[in-house]
Every structure is written in structure tokens, then in C-alpha cells.
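Visitor: I'm new to reading protein structures. Could you walk me through one, feature by feature?

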Amino acid sequence: MEKNSLVPITSNPLNPEVKIFGFEEVELSLNINRVSYSLKLEPRVTLLDALREKLGLMGTKKACDRGECGACTVLVNNRRINSCMTLAVMHIDNEITTIEGLAQDGKLHPMQTAFITHDAFQCGYCTSGQILSAVGMILEESPISEAEIREKMSGNLCRCGAYPNIIAAIQDVLEEMENAAI
């Protein structure tokens with residue numbers, strides 16, 4: 001092998017033709033909000049940048065760009081992740097949900113409605129990440145106490161301090177789910 005030749009950084013085990021080399025753009029397909037998008041991206045493009053800059057899905061916010069604030073939270077296969085900390089090429093064949101895809105058939109998701117009802121936002125910058133993190137938390141494993149909600153939501157920061165209202169909104173959705181199951 002030559003000294004400066006490129007070797008695969010990674011490949012998709014489900015599609016071995018997709019090999020990722022250096023900085024050359026690669027063609028890939030991402031399933032976002034129940035729609036498949038074909039893109040040409042450099043392998044180093046984060047999922048956050050692909051969503052915002054390539055697809056124009058601006059609901060996912062870019063804040064710290066270091067995985068510390070949660071403003072960029074999206075769901076990947078119903079699990080919450082910080083989209084600034086993962087590469088887009090890592091999510092071929094995954095189901096990605098952004099805030100734009102949470103509402104269905106023109107009806108807001110119950111968590112979105114609860115955030116509005118409880119005024120669980122002030123400036124609104126962290127709101128999409130907070131909502132998706134709350135939905136993901138419930139899908140992963142519903143919390144059973146306020147303390148558990150606070151702990152599981154601790155990766156999402158709100159500089160305005162809307163935490164009491166965020167907790168109230170989440171508790172409202174959990175209560176509705178419990179009442180619907182009865």
C-alpha cells in the first residue's frame with residue numbers, strides 16, 4: 001500500500017458498495033421523517049449539518065456543536081441522540097425523526113401540545129431538542145417520578161430556565177398516557 005493512499009474509514013454492512021474514503025463526497029440515502037432523501041455528502045458531515053444545510057430542516061438547532069446542550073436532539077430509531085455528535089453516513093438505513101416529523105396528518109404530537117399548554121419555552125431555541133428528548137425518553141423507558149424526569153432530561157439545557165414548565169408538560173403527557181391505558 002502506498003504511504004498516502006486512502007483506506008476505508010467505514011462501510012455500511014447492509015450495503016457493502018457504500019465505502020467511505022477520505023474527503024470525497026459519497027452518495028447515500030437517509031430516511032428522515034418517513035421520507036427517503038438521496039444526498040451527496042463528505043463523510044465528515046455531521047447529521048446536524050446534513051439536516052440543516054443540505055435538507056433545509058431548520059427545526060434541529062445548532063447551539064454548542066459539542067454535544068453539551070441537547071438543542072440538536074433528534075430521534076434515531078426512536079432513541080434520542082445529539083445530531084452534532086454523529087456523522088450522517090452512520091445513519092444509512094436508520095429512521096430519523098426531527099421536530100418537523102413529529103406532528104402527523106396536520107395534528108401536533110401530544111408532547112408539542114403539552115409544551116404549548118404549559119408554556120414550556122421562553123426564547124424557544126432549545127424547544128425542539130427538549131420536545132424530542134422528552135418523546136425519546138418516554139419511548140426508551142417512561143420515567144416514574146419527577147426526579148427521574150429531571151435526571152433523564154438533564155442533557156438538555158434551557159438558558160431561560162423553563163424547567164418547571166418543561167417538567168409539567170412531560171408529566172401531563174405521561175398522565176394522559178396512563179389514563180388512556182386504563
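Guide: Sure, let's begin with an idea you'll need right away: a polar contact is a pair of N or O atoms within 3.5 Å, where one must be able to donate a hydrogen and the other to accept it. Keep in mind that this is a predicted model. Here's a case: the side chain of Ser128 reaches the backbone oxygen of Gly59 at 2.6 Å.

Visitor: Where does Ser128 lie, and is Ser128 buried or exposed?

Guide: Buried means under 20% relative accessible area. Ser128 has 9%, so it counts as buried. It lies in helix 3.

Visitor: Which residues does Ser128 touch, not counting residues up to four places away in sequence?

Guide: With those sequence neighbours left out, Ser128 touches Gly59, Thr60, Lys61, Ala71 and Ile99.

Visitor: How do I read helix 3 as a whole, and what is its reach from first C-alpha to last?

Guide: You can check a helix against the span expected at 1.5 Å a residue. Helix 3 covers residues 127–140, 14 residues in all, and reaches 20 Å, close to the 20 Å expected.

Visitor: How many residues of helix 3 are buried?

Guide: Twelve of the 14 are, so helix 3 is largely enclosed by the rest of the structure. Among the buried ones are Gly129, Ile131, Leu132 and Ser133. Hold on to those names, as they come back below.

Visitor: Can we step back to the whole chain? What does its secondary structure come to?

Guide: The protein chain has five helices and seven strands. Read from the N terminus, the order is β-β-β-β-α-β-β-β-α-α-α-α. Of the 182 residues, 42% count as buried. You can also ask how far apart in sequence the contacting residues are: among contacts with a separation of 6 or more, 51% are between residues 24 or more positions apart.

Visitor: What would be an example of residues far apart along the chain but separated by a few Å?

Guide: Try Thr73 and Gly129: they are 56 residues apart along the chain, yet their C-alpha atoms are separated by 4.6 Å. Thr73 is found in strand 5, and at 4% relative accessibility it counts as buried. Thr73 also touches Leu132 and Ser133, among others, and both of those are buried residues of helix 3.

Visitor: What polar partners does the side chain of Thr73 have?

Guide: The backbone oxygen of Gly70 lies 2.7 Å from a polar atom of the Thr73 side chain. The side chain of Asn156 is another partner, at 3.3 Å.

Visitor: What covers the buried residues of helix 1?

Guide: To read this, first find the buried residues, then see what contacts them. Helix 1 (residues 47–54) has six of its eight residues buried: Leu47, Leu48, Asp49, Ala50, Leu51 and Arg52. Their cover includes strand 3 (26–32), strand 4 (35–41), strand 5 (73–76), strand 6 (79–82) and strand 7 (95–97). Just after helix 1, Gly56 takes a positive phi of about 70°.

Visitor: Which residues other than glycine have a positive phi?

Guide: Two examples are Asn33, with phi near 55°, and Asn77, with phi near 50°. Asn33 is in the loop between strand 3 and strand 4, while Asn77 is in the loop between strand 5 and strand 6. Asn33 counts as buried at 13% relative accessibility, whereas Asn77 is partly exposed at 43%.

Visitor: What about Ser145: where is its place, and what does its side chain reach?

Guide: Ser145 sits in the loop between helix 3 and helix 4 (146–152). Its side chain reaches the backbone nitrogen of Glu148 at 3.1 Å. Ser145 is partly exposed, with a relative accessible area of 33%.

Visitor: Last one: which residues line the largest pocket?

Guide: With a pocket, you look at its volume and then at its lining. The largest pocket has a volume of about 260 Å³. Its lining includes Cys64, Cys69, Cys123, Cys126, Cys158 and Cys160, along with Glu68 and Arg159. By class, there are ten nonpolar, no polar and two charged residues in that lining.

Note on methods. Residues are numbered from 1 along each chain as its sequence is written. This is a predicted model: local features need pLDDT of at least 70, side-chain atom pairs count only at pLDDT 80 or more; totals for chains, interfaces and linings use all residues. Side-chain values use heavy atoms; hydrogens and water are left out. Helices (H or I, at least four residues) and strands (E, at least two) are DSSP runs, numbered from the N terminus. The expected span of a helix is 1.5 Å times one less than its number of residues. Buried means under 20% relative accessible area, exposed over 50%, partly exposed in between (1.4 Å probe, protein chains only). On a 1 Å grid over the protein atoms alone, a cavity is a set of points where a 1.4 Å probe fits but cannot get out, and a pocket is an open set with protein on both sides within 12 Å along at least five of seven lines; lining residues have an atom within 4 Å of a point. Grid points are joined across faces, edges and corners, and a volume is the space filled by probe spheres set on the points. Ala, Val, Leu, Ile, Met, Phe, Trp, Tyr, Cys and Pro count as nonpolar, Asp, Glu, Lys and Arg as charged, and the others, Gly among them, as polar. Contact means heavy atoms within 4.5 Å.
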